[in-house]
Amino acid sequence: MSALAAEPGSPGDTDWDELVRVWEGTDAPEGSKVEIIEGIVTVSPPPSEEHNDTAELVQRHLYTAIPDDWGVYQTLGLTCPETGGLFVPDLCVVPRAALRRGKRVPAGEAELVVEVTSKSNANHDRIKKAHGYAVAGVPLYLLLDAWQSGRPTATLYGEPENGTYRVLDSVEYGEELTLPEPFKLVLDTGIFPLG
């Protein structure tokens, strides 16, 4: 992973606009993920086959549980200028109307965000992005962490308050995890590849 810092300090409107321009102009290899995390433009390598497979398996199940006017997106940038973040989650469930309101989708428009950790940047998903999504008010954050202390773990966070989430459920891969309303979906984490 590489990083490019923009103007130091907390992102105000001018700083944020400049930071987004840097993000937009970042030339990265195909398949790489370019994000802004805590005011720093980061470039991550393309995810592994296991990573992509996990995201696709979750996406397949989500389509059975969402209303027709919501979508499941893999490369949608979600903004959180309050924390200097522009995240591109592995999956997010967002009402389609939010995509038609303007150039960028605020993270708080997402009903669910799913991140699948990669070994090289798992702490971004565990700490920095979790904080950003909580600050934005994303109701549910699902972290699929094949690198958690050697025990692959699925953790569902919810009830965001003051930039932190409450753990709603946490299971080791192989067990079932239930997404609450409005999803009412049981995920068998045993189908996820390891690594």
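Which residue in E14 is the bridge partner of Glu176? Hello everyone, let's start there. The partner is Asp188. Please keep in mind that this is a predicted model.

So, that hairpin. Strand E13 covers residues 176–179, and strand E14 covers residues 185–188; the two run antiparallel and are joined by four bridges. Five residues sit between the strands, and in this hairpin Lys184 takes a positive phi near 45°. If you look at E13 from its two sides, you'll see a covered face with Leu177 and Leu179, and an uncovered face with Glu176 and Thr178. Glu176, the residue from my opening question, is therefore on the uncovered face, given that E13 has Glu176 and Thr178 there.

Now to the charged pairs. Side chains of opposite charge can pair when their charged atoms come close. How many salt bridges does a search of the whole structure find? The search finds 14, and I'd like to walk you through a few.

Take Lys103 with Glu24 to begin. Their closest N and O atoms are 3.4 Å apart. Lys103 lies in the loop between helix H3 (96–99) and strand E8 (105–106), while Glu24 belongs to helix H1 (residues 13–25), so this pair ties together parts that are 79 residues apart in sequence. As for surroundings, Lys103 counts as exposed, at 66% relative accessibility, and Glu24 counts as partly exposed, at 39%.

Next, Lys129, which I hope you'll enjoy. Lys129 forms a salt bridge with Glu35, and here the closest N and O atoms are 2.8 Å apart. Again the pair links distant parts of the chain: Lys129 is in helix H4 (residues 122–136) and Glu35 in strand E2 (residues 33–37), 94 residues apart. Are these two buried or exposed? Lys129 is buried, with a relative accessible area of 3%, and Glu35 counts as buried too, at 1%. The cut-off for buried is under 20% relative accessible area, so 3% puts Lys129 in that class.

Lys129 also forms a salt bridge with Asp125, with closest N and O atoms 3.4 Å apart. This one stays inside helix H4, where Lys129 and Asp125 are four residues apart, about one turn of the helix. Asp125 is buried as well, with a relative accessible area of 3%. Salt bridges that share partners join Glu35, Glu115, Asp125 and Lys129 into one network.

That's my tour, from the hairpin to the charged network. Thanks for listening, and I'm happy to bring any of these residues up on the screen.

How values were computed
Residues numbered from 1 in each chain as written. Predicted model: local features only at pLDDT ≥ 70, side-chain atom pairs only at ≥ 80, totals over all residues. Heavy atoms only, no water. Salt bridge = Lys/Arg side-chain N within 4 Å of Asp/Glu carboxyl O. Buried < 20%, exposed > 50% of the residue type's maximum accessible area, 1.4 Å probe, protein only. Pairing = 2+ DSSP bridges.
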